[in-house]
Amino acid sequence: MPTTFPAVIHQENRQFETYYFSGDFADQPDVPNLYQTSGLPTWRKWTERSGPDEETAFYWKAYAPIMDTILERIHRQKDAPKAKAQKAEVEDGIKLAGKVGSDYVQINQDGKWKDLTIKGVNMGIAKPGYFPGETAITKEEYLRWFKQIGAMNANSLRVYTIHPPEFYEAFYEYNQMAEKPLYLFHGVWVNEEIFLKTKDAFAKENTEEFQDEIKRTVDLIHGNADIPDRPGHASGSYTHDISPYVLGWVFGVEWDPEVVLATNEKHKGMKDLKGEYLYTEKAQPFEVWISTMMDEAVSYETSTYQWQRPVSFTNWVTTDLLDHPYEPSEKEDMVSVDPNVIKATDQLHTGLFASYHIYPYYPDFLNYEPEYINYKDHRGEKNNYAGYLNDMKKHHTMPIVVAEFGVPGSRGLTHRNVDGLDQGHHSEKEQGDIDRRLFEDILAENLAGGMVFTWQDEWFKRTWNTMDYDDPDRRPFWSNAQTNEQQFGVLSFDPGKNRTDVLHVDGRREDWAFKGIEPAFEDGEHSLYVSSDERYVYVRVDTDSVKDKDSYLLFDTIPDQGQSTIPGVDDVKTEGVDFVLHMKGDQSAQLLVDSYYDSYYYHYGNLLEMIDKEPYAGKKDNGVYHPVRLTLNKELTIQGKTLPFESYETGKMQFGTANPGDEDYDSLTDISVSPEGNMTEIRIPWQLLNIKDPSLKDAMGDMWKTGIEGKKKIDSINIGLYETDGKESYAYPALKDGFIDPDAFYRYSWKEWEEPTFHERLKDSYYILQEAYGKGGK
């Protein structure tokens, strides 16, 4: 609770303004008989005695003048012109939410169609503790987010599927209040399970479900839908008409190329579509199918509601219209879905635009195609992303909206980019700088704008190089710092009920004391503290001096295995060590794993045989530790040249401060040393310790017996400490004849949970994008 806070809070929007008084300021017993006497308030204001306990003085010196000002303001604004509501242009009796120009989507302003650079953000449908199909986001949360998105200078929002009614209520109310409207690009989702199962877009069960979803979505944006409960989908009564603010349709998903190709082959020779609003020229069957779905959507909205809006379908680099000879994976360049073959009849007044998800690091050809990696951007620098955008612009006959772009602000890394625009291992500031750079490239290459992926972090997400090491049914209940897909958002869900509930790894002891965390042991200048939350295990080590000292934290996570040695320490023995964090003073640190418990080696060496086999690895207590690694790419062959299997060491730890309030805040910080040099704070992502689900205390089991999917419930993580400067050493538990007794390790246990605690925080990337969106575009 702050010691000072505003006495009056004033909020204003284009519909109304409010004043919130934080006290009963009008409670004034001393009201004179001549209270209507002219000049009395002024006389009392100047004659009342001042003092912090003088309530009468506050009334006459503060409250009365404030009320005079408020009432005068209301009187002046009584006849002021009201902000204009969104008005649709009408052509041939059809209301138009927008149009498509030669290069941009357009809006109507004062009777003229004007280009609008799309400065947008994507929004998912989940928050921590819930899967997307549970649609748990509240109206209050939506409305707060819309205000923050508007304050970010964004003009557009995109959703992929139907949200609960609370979304549309909040969106409607926001646009009634906002000085500038927030436009919506609404998606219509395809049932991917059926889509992949049938391998035929024209299959009856696939097409009919998509047609039903189209009608539901059209109805609900007009406030005219009652959707019954459906498992895994939003439902309820949709009564708010947001149609004036829906600037465009984006139908479908990132199309699986094998389904596209199978559809084309099965229906080979199919005639082009000749619809009322859309037709095709020399289209492949899948292009005919998606065009037919779009034509039916336009027809339904036009006939039912007399509205039209610009139309598009979701596409991605994998199914773009270009050929990529440097792509090593056949699946990533096997087929195209070409928007150019789809044309508008004169009955469609709004037009078509192309919509692509474009990232700088995937597919692989983006890192190897000479035309792209040697392309010089508007800065005069080599830029593969700008090179690809330039090529796409040259080959399209309609505006291109980059419907997804961005990089994650995550610890984990999944793909590298030739220019360093990697998928992961970026601080939140680096995330913002790269997102801004990508947006600038989009504008410089004359595309219609872009929508950053994504608004909020998504704890339920998976990524290919970590998903085998966690429990897919429990992902929403904790935050995996190793999974980059969970951290694309510019809004973070940090563990803890609020900021004061977080242990900030910043070299300070105060938050440990504030949270009342007791030491695991105290021994003179040495002590150990341990805690955890939904994302990290935290360890604090107090010592005489960190500098010029090798420190080893020993972790025993599961029983009946582990090493009996400490790496690089020949004269000390112990038992059952699964992980060692080796810190070299305040300069470098590395987490090592017992080779027998190394999920990376077991997966890619033993099971898949993609890396060299090591004969010792399948034996317990073999004396060998491995660096903790994650895979980045399998062996590739590009233009006859073989590129080796690629991985990186994710167990390297970074020093800095993880406190967002610090000027030099770095969200990638793992370790922080106190200014006095006698205390080290560490945070370790749960998955780095092979914990599959901390909320249920499940760890990876003995993978040589139960495989990658095996798990073992643990009671605690047992922790020991050894440090040496080369002359003297210290150990907890104490050394006895060169042996550290593992039975005396500190046993850190924590409570299981079903409901994670979290609070929202706008990342550095939010403010960087706020500046970028405020400057660029039309």
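## Phenylalanine 758 and its ring partner

Phenylalanine 758 is partly exposed, with a relative accessible area of 22%. That value is not under the 20% that would make a residue buried. The model described here is predicted. Phenylalanine 493 is buried, and its relative accessible area is 0%.

The two residues belong to the structure's 43 aromatic pairs. Their ring centres lie 5.5 Å apart and their planes meet at 80°, so the pair is edge-to-face. Phenylalanine 493 sits in strand β23 (residues 491–495). Phenylalanine 758 sits in strand β46 (residues 758–762). The pair therefore ties together parts that are 265 residues apart in sequence.

## A cluster of rings, and charges over rings

Phe493 and Phe758 also belong to a cluster linked by ring pairs. Its other members are Tyr142, Trp145, Phe146, Phe167, Tyr168, Phe171, Tyr174, Tyr238 and Trp459.

Which residues lie over the face of an aromatic ring? Arginine 474 is one of them: it lies over phenylalanine 477, at 4.1 Å from the ring centre. Arginine 540 is another, placed over the face of tyrosine 529 at 3.9 Å from the ring centre.

## Strand β26 and its neighbours

Arg540 is part of strand β26, which spans residues 536–542. Is this strand mostly covered or mostly open? It is mostly covered, with 7 of its 7 residues buried. Tyr536, Tyr538, Arg540 and Asp542 point one way from β26. Val537, Val539 and Val541 point the other way. Residues of both sets are buried.

Strand β26 pairs with two strands, β25 and β39. Strand β25 (residues 526–532) runs antiparallel to β26, and 6 bridges connect them. Serine 532 stands opposite valine 537 in β26. A hairpin of 3 residues joins β25 to β26. Strand β39 (residues 679–685) also runs antiparallel to β26, with 7 bridges between them. Here tyrosine 536 has proline 685 in β39 as its bridge partner.

## A three-stranded sheet

Elsewhere, 3 strands make an open sheet. Their order is β5-β6-β7, and the pairing is antiparallel. The edge strands are β5 (99–100) and β7 (112–116), each of which pairs on one side only.

Strand β6 covers residues 105–109 and pairs with β5 over 2 bridges, in the antiparallel sense. Valine 100 has valine 105 in β6 as its bridge partner.

## Salt bridges

Side chains of opposite charge can pair when their charged atoms come close. In this structure the count is 43 salt bridges. One of them joins the side chains of glutamate 301 and arginine 309, at 2.6 Å from N to O. Are these two residues buried or exposed? Glutamate 301 counts as buried at 2% relative accessibility. Arginine 309 is buried too, with a relative accessible area of 1%.

Another salt bridge joins glutamate 381 to arginine 437, with the closest N and O atoms 3.3 Å apart. This pair links distant parts of the chain, 56 residues apart. Glutamate 381 lies in the loop between α9 (370–373) and α10 (384–394). Arginine 437 lies in helix α11 (residues 428–444). Glutamate 381 is partly exposed, with a relative accessible area of 37%.

A third example is lysine 713 with glutamate 752, whose closest N and O atoms are 3.0 Å apart. Lysine 713 lies in strand β42 (residues 711–713), and glutamate 752 lies in the loop between β45 (746–748) and β46. The salt bridge therefore ties together parts that are 39 residues apart in sequence. Lysine 713 is partly exposed, at 49% relative accessible area. Glutamate 752 is partly exposed as well, at 40%.

Which residues do salt bridges with shared partners join into one network? They are Asp377, Arg379, Glu381, Arg437, Glu440 and Asp441.

## A nonpolar surface patch

Leu607, Leu608 and Met610 make a nonpolar surface patch of about 260 Å². Leucine 608 is found in the loop between α13 (599–607) and β32 (625–627). With 42% relative accessibility, leucine 608 counts as partly exposed.

Conventions: Residues numbered from 1 in each chain as written. Predicted model: local features only at pLDDT ≥ 70, side-chain atom pairs only at ≥ 80, totals over all residues. Heavy atoms only, no water. Phe/Tyr/Trp six-rings, centres within 6.5 Å; stacked < 30°, edge-to-face > 60°. Helix = DSSP H or I, 4+ residues; strand = E, 2+ residues; numbered from the N terminus. Buried < 20%, exposed > 50% of the residue type's maximum accessible area, 1.4 Å probe, protein only. Lys NZ or Arg CZ within 6 Å of the ring centre and 35° of its normal. Patch = residues over 30% accessible without salt bridge, like charges linked within 9 Å, V, L, I, M, F, W, Y side chains within 5 Å. Areas by Shrake-Rupley, 256 points an atom, 1.4 Å probe, with all protein chains shown as cover. Salt bridge = Lys/Arg side-chain N within 4 Å of Asp/Glu carboxyl O. Pairing = 2+ DSSP bridges.
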